[in-house]
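Biologist: I'm new to reading models like this one, so please take one helix and look at it closely with me. After that, I'd like to hear how the side chains elsewhere pair up.

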Amino acid sequence: MGIFIETDQVKDAMKTYYKAALQGNAEAQYKLGECYEDGLGGLEEDPELAFEWYKKAAEQNYPDALYVAGLFYEDGDVIEQDIPKAFQYYNQAAELGDSGAQLHLSHAYRFGDGIEMDPEMAFYYASLAADSNDSVGLLFLSDYYRFGIGTDVNYEKAVEYAQLAVDQEYIPAYSSLGWLYENGQGVPEDKQKAFDLYMEAARRGDCSGQFNLGMWYSDQSNRELYEEENPMWRNSLEESFKWYRLAAENEDADVTEFNSLAECYQYGCGVKQDYDQAIIWYQKSVDLGDEEAQENLDKLFAKKRLIDQLSSEEHEYWDEMKACSDYYEEIPDHERRLLEKLRKLLGITEERAKEIEKL
């Protein structure tokens, strides 16, 4: 339960902050900046005034203020953008131990975001954050060891740092550790452990955990491993679709999640085939600039046009064929015989039937 501060207490706190800030107290200046930025303590939001107080605290080398002032300079929404100035502030804050600045610099150097890409520097700043036991820094470092970013690949180290982040219940770390267990990297392969980690992450709303469960349930080898012990695996494609859908609807979803759900709808994997839904989800990826999604979308539009051009008899045959395909992984002989009777009854040639089945 959070602490509730009465109005009079708020006013008293603001008077204290303001008085201390005017007297040059850096922490009070930073806190006053927060209040103006977020409209706290009964103050109206005033980003310009917030920046002025952050800057005063930053000029006294207050780490949090240096980092936040850097964000203002990088964003350029409140003040004129100045990237070199922003990174100057980030560097000062990072060297003074501010984990937010350290993580920001690590990400920037890894992806070349606002600064030239430098994997070694990305690793360096992630190490600083991890050394202070920051959970995000621990996961950053785990990923850097896992993928060999700024350092040699070291799966044992990747496991070590991912486990430390999991020990702090940092949810995204569960999926990373799960992958290491699933693939036996740095630890003996343990699929049950991997599954448990994915499930815990997914239940807590983690996009990666949800997506990994979608892949897990669609993996034939996993179905064969657990089907006899756990009947729910017999509906694994439906489970796969459920988790892919949750991942795609997650606020952290990206093209990978959108495309996977689109493919489920396109090919009827765990759900009734629905080209309209597939188009919607591919379009989300296209809007983010994904070229592969654009290719799939173009092909899908072309196929949809062909289906729309089917005659009523051909459409009836196609609907029946798709119903069989959705129910069976491979259409059995007795269903084939029924389809053949329907084909003849509808007056569709064998050649045309084969063309329709390819749609």
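Modeller: Let's start with how far to trust the model, then look at the helix, and then move on to loops, rings and charges.

First, a bit of housekeeping. This is a predicted model, so local features need pLDDT of at least 70 and side-chain atom pairs count only at pLDDT 80 or more, while totals for chains, interfaces and linings use all residues. Residues are numbered from 1 along each chain as its sequence is written, and side-chain values use heavy atoms, with hydrogens and water left out.

So what is pLDDT? It's the predictor's confidence in each residue, on a scale from 0 to 100. The chain has a mean pLDDT of 89, with 91% of its residues reaching 70 or more. Over residues 1–6, though, pLDDT stays under 50, and the model has 2 contacts there beyond four places in sequence (a contact means heavy atoms within 4.5 Å). Where pLDDT is low, the predicted coordinates should not be read in detail.

Now for your helix: α10, residues 171–182. Helices here are DSSP runs of H or I with at least four residues, strands are runs of E with at least two, and both are numbered from the N terminus. The expected span of a helix is 1.5 Å times one less than its number of residues. For the 12 residues of α10 that should give 16 Å, and the end C-alpha atoms are 17 Å apart, which agrees.

Is α10 enclosed or not? 10 of its 12 residues are buried, so it is largely enclosed by the rest of the structure. Buried means under 20% relative accessible area, exposed means over 50%, and partly exposed is in between, using a 1.4 Å probe and protein chains only. Among the buried residues are Ile171, Tyr174, Leu177 and Glu182. Just after α10, Gly184 takes a positive phi of about 60°.

Positive phi turns up in two asparagines as well. Asn61 has a phi near 60°, a positive value in a residue other than glycine, and sits in the loop between α3 (47–58) and α4 (63–75). With 42% relative accessibility, Asn61 counts as partly exposed. Asn133 has a phi near 65° and lies in the loop between α7 (119–131) and α8 (135–147). This residue is partly exposed too, with a relative accessible area of 45%.

Next, the rings. A pair of aromatic rings is described by the distance of the centres and the angle of the planes. Rings of Phe, Tyr and Trp (its six-membered ring) pair if their centres lie within 6.5 Å; planes under 30 degrees apart count as stacked, over 60 as edge-to-face and the rest as tilted. The structure has 20 aromatic pairs. In one of them, Phe87 and Tyr90 have ring centres 5.3 Å apart and planes at 85°, so the pair is edge-to-face. Both residues lie in helix α5 (residues 83–95), 3 residues apart, which is about one turn of the helix, and both are buried. For Tyr109 and Tyr125, the centres are 6.0 Å apart and the planes are at 5°, so this pair is stacked. Tyr109 belongs to helix α6 (residues 99–111) and Tyr125 to helix α7, so the pair ties together parts that are 16 residues apart in sequence. Ring pairs also link a cluster that includes Tyr30, Phe51 and Tyr89.

Charges can sit over rings as well: NZ of Lys or CZ of Arg must be within 6 Å of the ring centre and within 35 degrees of the ring normal. Arg146 lies over the face of Trp179, 4.0 Å from the ring centre, and the charged end of Lys56 is over the ring of Trp53, 5.9 Å from its centre.

Last up, charge with charge. Side chains of opposite charge can pair when their charged atoms come close. A salt bridge here is a side-chain nitrogen of Lys or Arg within 4 Å of a carboxyl oxygen of Asp or Glu. A search of the whole structure finds 11 of them. Arg204 and Glu200 meet at 2.7 Å, N to O; Arg204 is partly exposed at 40% relative accessibility, and Glu200 is partly exposed at 27%. Lys242 and Glu239 meet at 3.3 Å, and being 3 residues apart in helix α14 (residues 236–249), they are separated by about one helical turn. Glu350 bridges to Arg343, with the closest N and O atoms 4.0 Å apart. Glu350 is partly exposed at 45%, whereas Arg343 is buried at 8%. Salt bridges that share partners also join Glu169, Glu200 and Arg204 into one network.
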